[in-house]
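Grab your favourite viewer and a coffee. Below are some exercises, each with a solution worked out step by step.

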Amino acid sequence: MPSTDFYPVIAPALTGIGGLLVLLIGVWPRLKDAALVAFYASIVLLLGAMAVLLAPHEAAGFERFISLDPVNRHGWLLFTAGGLATLLLAWRDRQLLGEVDEQFCSLVLFAVTGTYLLSAATNLLAAFIGMELTALSVMAMIAWQPQRKGAIEAAIKYAITATVSGSIMLFGIVLMYAGSGSLYLDAIPGNLGGERTNETLVIVGLAMVLVGIAFELAVAPFHCWLADVFQGSSSPVTAFIASVGKIAMLLFLLNLADQLSGLWPAIHGVIIGMVVLSVVWGNLAALRQSNLKRMLAYSSVAHFGYVLLALTAISGDADGNADLLQAAAYYGLSYAVMNMVSFAVIGLLSGINPSADLEGYRGMGRRYPLLGVALAIAVLSLAGIPPTAGFFGKLFVFTQALNQGQLGLVIIASLAAASSLFYYLRILVVFFSVPSNEVSEEADIALQGDAVVMGPTLVISLSTAAVLLIGLCAGTVLTFI
Amino acid sequence: MMLWHFVFWLSCAVAVVCSASLLFVRKPMHGAVYLTTAMCALALAFYLLGAPFIAMMQLILYVGAIMVLFVFVIMLSPLQETFPLQLQDRSLWPGLILLILMLLELGALLFGGLQVDPTTPQIIDSKAVGELLFGHYKLAVEAISTLLLAALVGVMYFARHLQRHQERKLPEQQEAK
Amino acid sequence: MTDALVTLPMMHHLLWLIPCAPLLGALLIIALDGLPTRAYGVIANLAVLVSALCVALLWLSGSWDMPVQTAYEWMHIDNWLLDVGFRVDRFTLVMASVSAWVGLLIHLFSTQYMRHDFGERRYFAYLNLFVGGMLLFITADNLILLYAGWEIMGLCSYALVSHYYTKDENVYAGRKAFVTTRIGDTALAIGIFLCFMQFQSLNLESIFQAAPQAPTGMIAAICILFMLGAFAKSAQFPLHVWLPDAMAGPSTVSALIHAATMITAGVYLIARTHVLFDLVPDVRWWVALVGAFTALYASVSAIGQNDIKRILAYSTISQIGYMFAALGVGGYSLALFHLAVHACFKALMFMSSGVIIEIYHHDHDIRNMGGLHKQQKFLSFAYLAGSLALAALPLVTASFYSKDAIIAATYTADHGAFLAGLGLLGALLTGVYSMRMYFMVFTGKARSEIHDYKMTWAMKLPLGILALGSLCLGFIQLPDSWSFGPHLLLPWLEPVLTSVALPEGHAGEMLELLGAAAAVIGILIAWPLTKAEVRSGRGVGNIGFLNKALYIDDLAKVLVIRPFLALCAVLGSVIDGLLLNGVLVAGVRRLMLNAAEVVSRGQGALVSRYVLLMVLGLMLIIGYLTVQL
Amino acid sequence: MLNLVIYFPLLAAAAIWLGCRERGTLARSLTLAVICLETLILFGLAMGGNTLSLDAEWIADYGIHYHLQLDGLGLALSVLSGGLAVVAMLVGWERIDRWQAFGPLLLATLSGMVGLFAAYDLILFYVFWELMLIPMYFMLAMWGDPDSRRSATQFMLVTVTASLLMLVAIILLFIAHGVQTGIYTFDYGILKQTPLIGNTLLSKLILAGLLLGFGVKVPVFPLHFWAPLAYRKGDPSVIIMLSGAMANAGVYGLLRFTMPLMPEVTAAFAPWGMAIGAIGTLYGAAQAIRQEDLRGVIAWSSISHMNIAILALFAWQAQALHGMALQLLAHGLSVAGLFAIAALLLDRKRDGVYANVGGLYAQMPKLGMCFLFFVVATVGMPGLANFAGEALILAGAISRSILWGSVGAVTILLSVIYGVKVYGKVMLGPVNPRVPTELWDLNSREKAALTVLIIAILVIGLMPQLMIETVHLPTAELLAVNIDSLFGGVHAID
Amino acid sequence: MNLLAVLFVSFLLFAIGLAVILVRRQLLFVLMGIEVMTNGAVLAAVAAGQYWHSADGQVLSLFMMLVAGSELAITLLLAMLSYRYLKVSRIDQMNQLQDKLDKEGQLL
């Protein structure tokens, strides 16, 4: 007797069908302005957000396939916002110029649909399809404008590794199913212990699912693709991967941990290993990167290490699960907004420095002070300096982990966080040192029309404000999560 | 039952062996042939397991669509080279060793004290599958159709670029060289 | 005390003026910019005059017993009750008089003497500050204020010694003076803090009242620390090394600081805290020993000097040694007596030496002088008075009465004969070097050109007064054993400052005679010695061992300064250079950057490596689960 | 009011930054005006003598309060920070370029400092703690010697590493307190009512974390390694803020958060703490002696003097703590004076390396006198501010431990060695032929800057009671921890 | 039917697929390897479905096939693009994107 609440379906349906509509509008012969397509796509996303907002606040499930609970609601809003931001950034992006057509817009919509499914999945199959939907759309988006250096390579690297990890995850799902007889997350713990079930298989399956998740979150040692993909794709797509794709996966992980908390202790060791590897590897690899996007990619590896820190202590009988998950969700949220700022800035400057090499940004903070400060706030937030969101994310995660007795891990994590400051400072110093050369008039964003910079500016200012507000009003934000 | 077992394990063995031969063949085309064989063998295994629908799907989707795609690409591929396995390349070994280790572990895990009731294959026909698919999993079907659409969009886009590239590749190639 | 309040209400309220007038004078000199240079000298003189007059008023008022004035509360935390308070008693009054009046005379002399010098304003500022510090030190009613005065003196000594700062030696000399005395300051400070710890009070009176109940060990520790402080400040062996070098300053500075006042601060300190020292006679005995030894040692060194100011410096060390010897045997008032006398004749000699040096074109070497008597009669007679007083010529000089009493007093202590012997030997040598100096400078033929120098009344007056003092001050206190003559000082001081009973009878007379004889013999030796030296061009001054003052200074350099600096360097390079900056900072940096490279290499750029890493991860996870489940 | 004094500089910083993009001179004047106003307000508050406070829920789930309370000690240190900022501006008036950036950074730092001294919640404290760090880093890295970036980064990394470990310790404290009392809160006001009981491993870890975090900033002896380089390479104006004002935050933190929150473990550590303080004092002084440049000497002397404060802190005794408060102010003023001198020399293109200076007094007697004044203040001349602090500290320390108190007292000697040495090398001696002849003596702006410091040092030195009364209440409150019973057997007189 | 045995076979296929990816660096072979892996998973899914007598397994495997197919389509096109644009057909020739570490002197 599956409940058939339709509210959860409205938003994914809107975006999915909206994607199709956008495609159709795009092929309409008389309509050749890409801006209009992006506009329509944005409207679709806004409608989706409306649908989410108007849905009743109680948790509502559809066929035990997806369910919209309070956490997901905010997640969905975030993804919608992320999708919108991606569109705004991509619209006049230098690297994508002329290629942001109905196809790109529909892919963004499809990817957002995928994240809806993934984050709200109560069925392993839904999660798998959602993940693959996102991954597939992203895969195409990465290689958008294939002439760009590294675009194809990034897409192929992503495709191969993502398919491998997808297969591993699939295998995990199958094993979980084989062990428990159910694909429903909420049913698996109940089934266990019953006839013909087998806990070992479920745990092995869970671990393999975790590998798949770890891949999408880019947690070491499954993180290698991230740097290449960040570097190879255009900034809007990078922003989407970082701020939307990963967060959707994170929400699914939190959901998984919540539902399967009884099985979680069995894989604590796995997660601890991932945490240690991620924070160490990510920060070390970022230390000397000469490319800003790669640097942020490795920092992302470390950040998800910190997030996972909150999950090292989930267990069936602990009352702290909710707090742990909340801390992780907060961290994810803060990560999403601060990365949005960074990549929006990178995107805005891509006319000046298409390769995103760090050296190319010399003096940009002085030339464009507001941009510089926005980036500074984002980078400081990434570094965990108060009163930004990044700091409170770390604070909450560390507090929760310490509360569960993970002193050693927290110390490792905080040392790693301290070392991360080295490369964050490099970014800031480069941005605010004396400019090394003149910017051509054509690339100078101060000289370009409002239309070109409006989108990114909007995204940057809103998400910078969000970085600060999420930090300063952390108390309020926590009540939402 | 003996026969069932014999055929089932035989088809499994064929699948494994044909797949493994991918490791050694020199030409992609040969690989595609081996792969097709393996898939057909697996289709047989599916059938024997009591899943005729999936067996059909295996034939249609894998053999009929995917492998054809492969073959097309191989035919279209401008680089008709052969790729001998280079075992002297030392970078290959760590991966193989890891895989063997993993298999050993899995073997130990599965057969080391794990008890699972034996089961007799029961036919679950396409009707049951269809009911589930378009009943409970209707949203999944919608989602997978969206996924196919997304794939289609991507393919369209890349195909367009392939075309465009061919149109102007000559001058660019000159420059590149 | 109530008497004092009644009879001297005004003075009671003006006590603060004694130290503060010169301090304010210094402040004025610093603050008022752009006056004619001469005006600064006037301000300085007036400021000291105010102090001197206040002191004089105190004398005249006739109430000498402990007027106390509290200016304001300085620091007050729990039992740390510290006021800026002043206190004067008979002992203090004597000391303050010496400081203020000798200070005034030297100020007066300076207005003329420093007229053509550079940095006159700076000079007077420091000089005023110094007198203020000295008077603060003397009149302070608690240890911290006392320490404050003590430190201000140290600072001024530093600044004034390096007055001619364009030469490296002078700067070094100033630094040496400051640092060496600061060794003592440190000891003194620790002693003061121990006092606070023990007595929970810093007020001198309350400490003295509580002292008898305190554990002896603590008192001994405090006394040893005070003693060290006094030794450093008063240039006692082996902390005397700074004083000869400190002669780099203007001669007036030497007169004021290194003869009359600051140098005697150590003596004053011990006399001031004699209540504590009386409780631990064993510790006190060491004061006597060091004093007596220094008296001899410095005399020996003085003989070998050729620099007129260095001779005076060593003689000062020697004379202060006598004072310490007196303190050590409990003859506090004797020490004070000699202090006053010494202040007179030594200030006189230093100021005169300044003129002499000017006359000889800033050449300090007495071997290049000679024959000055004919040119500068007044100076010659004044200097002669000083020299004879230094040599303690029996009966006619003040020093005979003060110094011989000390030698006699030492005889009463444990091992008294030894101490007295040291003193007598020193007295003999004092006669020698004192008169050698006089003869070399004033008699015979001029050995270099004599510069014309006109002394004005402002110079002659102080010299005259001091010469008179050097000769006559002794008559206020003839030896106790003499039935005739005035015995004014010691009995008058008795209520606040005890003295010691001098040896009675045979031994006493014997010592008196010996003391007198030593002085006379010394003077008699000096004449032929000088003759010989002038004739041959070589004399005691050429004996390196003596000239270098037994190489103590060089020994200190080798044994203390160099090892200390080496220790600093070694510590720095091991702790900071090697461990912290080397291993920690550079090590971590290297480690991180190399690890970054290793990690990056390990990951590579190829997708097959990525997959490999994934497989590795998967393998490890499954392995972990296999082991775990 | 409290919010106003904290955020006024920050808002002004934003306004100046936005308003004066190309107008450095305007930015400079505005910044000075803002800082002066802020300092005056703070001064007025300090004179008023009231303790301001403000409490609101911030992050309820984690028991984090927006709790501010600015008492006498905090006010005194805030006024000091403001005053030093004025001095820093005046001595950097011509030398520092791009005031449109520097001014706002300075203001932001000031804002962070005032907030820090007002914070009454551990997390809030940490927020301000890091907040003042960031602008400081930029000021260090972007101005100063050409190679100051590396030292600034080192400073930043070391500080943040320690701060993060301190954050871990703070969280542990939060948890330990929660376990002990059932109240999970970061609010200092609540935490201090139920101090952590017992000398357990956990409390030791907490103490270690706090010591590390605060100690680096002080900088306490073995954690000082960043300081000499940073102090030497940074622009002296910045270093005035760093060493004079910001270093105080470390001691302030230790004062607030160690003994009152976990008396037992801190008391057990106190002898070691005193030892560290005393040894650090001597070590700093000994290193100052062997430096060959003005800024190096000042740097080490600052380290030495801040370690005396640590000695006082762990003596935890009435005189010592009051002395420590005085010492913080006095050290701030005197080290600022010395760095101001270094700044003025830098204005005259003299970097203070001994080989390049010497005999400067002849050309600049006024500057020389001021220099000597600050040297003399630094070496603890009675009547000047440092003496009041050091005397109280050493008296208190000796009362608690004769050994370490006396060891600390040796600094009286060592300080004078480096003090007069550096003065002599720079100002006195024969005129260095490398020194150009047209150096100007103090102008009125420079005089103003130095006069502020000189008057402050004199006032505190001559009338320390004013300051003692200002800081008495908080100090007495801190001392209310019944430490003597805790010291008991642990701390018998050595 | 022994579920574990079938699972092991599917693991074997899975591992072989991985091995192909690791050993054969030619793009087409890599893709074939991926297909082998997916096939292994499908086999496991079917077996598990039969074990539980439920159509879930078959639904799962159907979706797997569809997903694998669409991914393959895109990847193949990417491979074509790679031939055309990069003239590269082996994955170990793809190293445009890689870490470039700054020299120590360029760091802070």
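Let's fix burial before anything else: a residue is buried if 20 or more other C-beta atoms lie within 10 Å of its own, exposed if 12 or fewer, and partly exposed in between, with C-beta atoms placed from the backbone. This is a predicted model, where local features need pLDDT of at least 70 and side-chain atom pairs count only at pLDDT 80 or more, while totals for chains, interfaces and linings use all residues. Residues are numbered from 1 along each chain as its sequence is written, and chains are lettered from A and ligands numbered from 1 in the order in which they are written.

**Exercise 1. Classify C:His415 and C:Ala235 as buried, partly exposed or exposed, and work out where they sit.**

Step 1: count neighbours. C:His415 has 14 C-beta neighbours inside 10 Å, so it counts as partly exposed. C:Ala235 has 30 C-beta neighbours inside 10 Å, so it counts as buried.

Step 2: place them. Helices (H or I, at least four residues) and strands (E, at least two) are DSSP runs, numbered from the N terminus. C:His415 is in the loop between helix H20 (398-410) and helix H21 (416-442) of chain C, and C:Ala235 is in the loop between H10 and H11 of chain C.

Step 3: check the backbone. Phi of C:His415 is positive, near 50 degrees, and this residue is not a glycine. C:Ala235 isn't a glycine either, yet its phi is positive at about 55 degrees.

**Exercise 2. Find which residues the cis peptide bonds join in chains A and C.**

Step 1: start with chain C. The bond between C:Phe237 and C:Pro238 is cis, with omega about 0 degrees. C:Pro238 lies in the loop between helix H10 (216-233) and helix H11 (242-245) of chain C.

Step 2: move to chain A. Here a cis peptide bond links A:Ala220 to A:Pro221, with omega about 5 degrees. A:Pro221 falls in the loop between helix H8 (199-217) and helix H9 (224-232) of chain A.

**Exercise 3. Describe the strand pairing in chain C.**

Step 1: take stock. Chain C has 27 helices and 2 strands.

Step 2: pair the strands. Two strands pair if DSSP finds at least two bridges between them. Strand S1 (residues 68-77) and strand S2 (residues 80-87) of chain C run antiparallel and are joined by 8 bridges.

Step 3: zoom in. C:Met75 has C:Leu82 in S2(C) as its bridge partner. The hairpin of S1(C) and S2(C) has 2 residues between the strands, and C:Asp78 in this hairpin takes a positive phi near 50 degrees.

**Exercise 4. Does helix H2 of chain E have the span you'd expect, or a different one?**

Step 1: compute. The expected span is 1.5 Å times one less than the number of residues. For the 25 residues of helix H2 (residues 27-51) of chain E that gives 36 Å, and the end C-alpha atoms are 36 Å apart, so the two agree.

Step 2: look around the helix. In H2(E), 25 of its 25 residues are buried. Just after H2(E), E:His53 takes a positive phi of about 50 degrees.

Step 3: bring in the record. UniProt (unreviewed entry) places "transmembrane region" at residues 29-48 and 60-86 of chain E; its positions are given in the numbering used here, feature names are shortened, and annotations may be inferred rather than shown by experiment. Residues 29-48 of chain E are 100% helix and 0% strand, with end C-alpha atoms 29 Å apart. Residues 60-86 of chain E are also 100% helix and 0% strand, and there the end C-alpha atoms are 37 Å apart.

**Exercise 5. Which pair of chains has the most contacts, and what does chain B bring to it?**

Step 1: rank. Two residues are in contact if their C-beta atoms, placed from the backbone, lie within 7 Å. Of the 9 pairs of chains that touch, B and E have the most contacts.

Step 2: break it down. The contact takes 68 residues from chain B and 58 residues from chain E. On the chain B side, H6(B) gives the most, with 12 residues. That side of chain B divides into 56 nonpolar, 12 polar and no charged residues (Ala, Val, Leu, Ile, Met, Phe, Trp, Tyr, Cys and Pro count as nonpolar, Asp, Glu, Lys and Arg as charged, and the others, Gly among them, as polar).

Step 3: contrast. Chains B and D do not touch, and their nearest C-alpha atoms are 38 Å apart.
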